[in-house]
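Colleague: I would like to take a close look at one part of this model with you, slowly enough that a first-year student could follow each step.

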Amino acid sequence: MPTLFDTLLDRSLVGGYSRVGYALRSHAFGGLPRMDGQTAAVTGATSGLGLAAAIGFARLGARVILVARSEERGEQARAQVREHGPDVDLVLADLSSLADLRRVAATLADADLDVLVNNAGVLTEERETSVDGNELTLATNVLGPFLLTDLLPDARRVVTVSSGGMYAQKLDVEDLQSEHGAFSGTKAYAKTKRAEVVLTELWAQRRRATPQRLHAMHPGWVDTPGLAASLPSFHRLTGPLLRTPRQGADTIVWLGATDQPSGRFWHDRAPRPTHYVPWTKESDADRGRVWDACVALTAA
């Protein structure tokens, strides 16, 4: 459990989320067990956190399956991961498409998956929709992980990559599709990251009688191409403080390689609270409503 110093570091944001926090905490991290004979799939694996996590699993001896939208970028990532482990496969998919998600899930089920990392995510400037007509941020960040988790009950560990930005937003069941008012890509993204954490907790409750372990985590502030493209001002402001992708992905790999309590929200290998202020807390009724909405929106 976090110490008082660690908790204070976490609440300071700059201290906890930056490379400073990682440097202060990581000296106490232990080594990771080998994953020889295991299979780990990572979505959004062509750069940033996804690529770093894939490399981390390959270093531990796991077979790695990269799930990516672009064949060119996927093959480039595959070559990089193969420098650390020879058994690397690539599956192409649009993870905002329900049909593609079902196809990917069937492929991963056949692979006897041990670890699923739900990392793919988008942050758009304007409101866009998926091929199925769902708002793109919701489709990719929430419905995609929800459907993959639903269709892969035998994966031993599921790790969903959220964001510390979710602390600023509450669960918005009245406007899941971001249809009302002026669209804010940053707000829509943070809302989906809050939903990811809530849904992880609900999945853990529903599967508590199974051996599956379900986790949500946030990586802190990480220097990734996605951050630079979607939040350029923040990227410029915090540049010297940003973590490397490998530092940000450390907890992803740790959760995938070890058995930790299910249903928690993690950062830097420690469980963290899901709310810092009371006005972001959701009711049990709203938690049920977002679950029901995801079931309806992902139905065949």
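Is Asp268 buried or exposed? Please start from there and work outwards to whatever surrounds this residue.

Modeller: Before anything else, please keep in mind that this is a predicted model. Asp268 is buried, because its relative accessible area is 5%, and buried here means under 20%. Asp268 sits in the loop between S7 and S8, and its backbone deserves a look as well, since phi of Asp268 is near 50°, a positive value in a residue other than glycine. As background, most residues other than glycine have a negative phi.

The side chain of Asp268 does not stand by itself, for Asp268 belongs to a network of salt bridges together with Asp6, Arg25, Arg243 and Arg272. In general, side chains of opposite charge can pair when their charged atoms come close.

One member of that network, Asp6, leads us to helix H1, where the buried residues are Asp6, Leu9 and Asp10. When one looks down the axis of H1, these buried residues fall within an arc of 100°, so they line one face of the helix. The general rule behind such a pattern is that an α-helix has 3.6 residues a turn, so residues three or four places apart point the same way. The cover over the buried residues of H1 includes helix H2 (14-17), helix H3 (19-26), strand S7 (265-267) and strand S8 (270-271), and S7 and S8 are the two strands on either side of the loop that holds Asp268.

On the other side of H1, the exposed residues are Leu4, Phe5 and Leu8. Phe5, which belongs to helix H1 (residues 4-11), is exposed because its relative accessible area is 53%, and exposed means over 50%. Phe5 also joins Val20 and Leu24 in making a nonpolar surface patch of about 280 Å². After H1 comes Leu13, where phi is again positive, near 65°.

A useful comparison for Asp268 is Asp112, a residue other than glycine that also has a positive phi, near 55°. Asp112 lies in the loop between H6 and S4, but Asp112 counts as exposed, because its relative accessibility is 60%, whereas Asp268 is buried.

That loop between H6 and S4 also holds Asp114, which is joined to Arg156, in the loop between H7 and strand S5 (157-161), across 42 residues of the chain. The side chains of Asp114 and Arg156 meet in a salt bridge with a distance of 3.3 Å, N to O. Asp114 is buried, with a relative accessible area of 11%, while Arg156 is partly exposed at 35% relative accessibility.

Arg156 is also one of the residues in contact with Gln212, and the others include Leu152, Pro153 and Ser262. Gln212 is found in the loop between H8 and strand S6 (213-217), and Gln212 counts as buried because its relative accessibility is 2%. Gln212 and Arg157 are 55 residues apart in sequence, yet their C-alpha atoms are 5.7 Å apart in space.

Arg157 in turn is one of the residues touched by Leu116, among them also Ala41, Leu108, Leu148 and Val159. Leu116 brings us to the largest nonpolar core, which has 36 residues, and Leu116 is among those with the most contacts inside this core, along with Val104, Leu108, Leu113, Leu199 and Val290. At least two residues of this core come from each of strand S2 (63-68), helix H6 (98-110), helix H7 (136-151), helix H8 (185-206) and helix H12 (284-297), and H7 gives the largest share, six residues. A second, separate core has 34 residues, including Ala53, Ile55, Ala77 and Leu90.

Two of the helices that supply the largest core are also joined by charge, for Arg287 forms a salt bridge with Glu201, with the closest N and O atoms 2.9 Å apart. Arg287 lies in helix H12 and Glu201 in helix H8, so this pair ties together parts that are 86 residues apart in sequence. Arg287 is buried at 11% relative accessibility, and Glu201 is buried at 18%. So we return to the kind of setting in which we began, with Asp268 buried and taking part in a network of salt bridges.

Note on methods: Residues numbered from 1 in each chain as written. Predicted model: local features only at pLDDT ≥ 70, side-chain atom pairs only at ≥ 80, totals over all residues. Heavy atoms only, no water. Patch = residues over 30% accessible without salt bridge, like charges linked within 9 Å, V, L, I, M, F, W, Y side chains within 5 Å. Areas by Shrake-Rupley, 256 points an atom, 1.4 Å probe, with all protein chains shown as cover. Salt bridge = Lys/Arg side-chain N within 4 Å of Asp/Glu carboxyl O. Helix = DSSP H or I, 4+ residues; strand = E, 2+ residues; numbered from the N terminus. Buried < 20%, exposed > 50% of the residue type's maximum accessible area, 1.4 Å probe, protein only. Core = buried A, V, L, I, M, F, W, Y, C linked by side-chain atoms within 4.5 Å. Contact = heavy atoms within 4.5 Å. Arc of directions from axis to C-beta.
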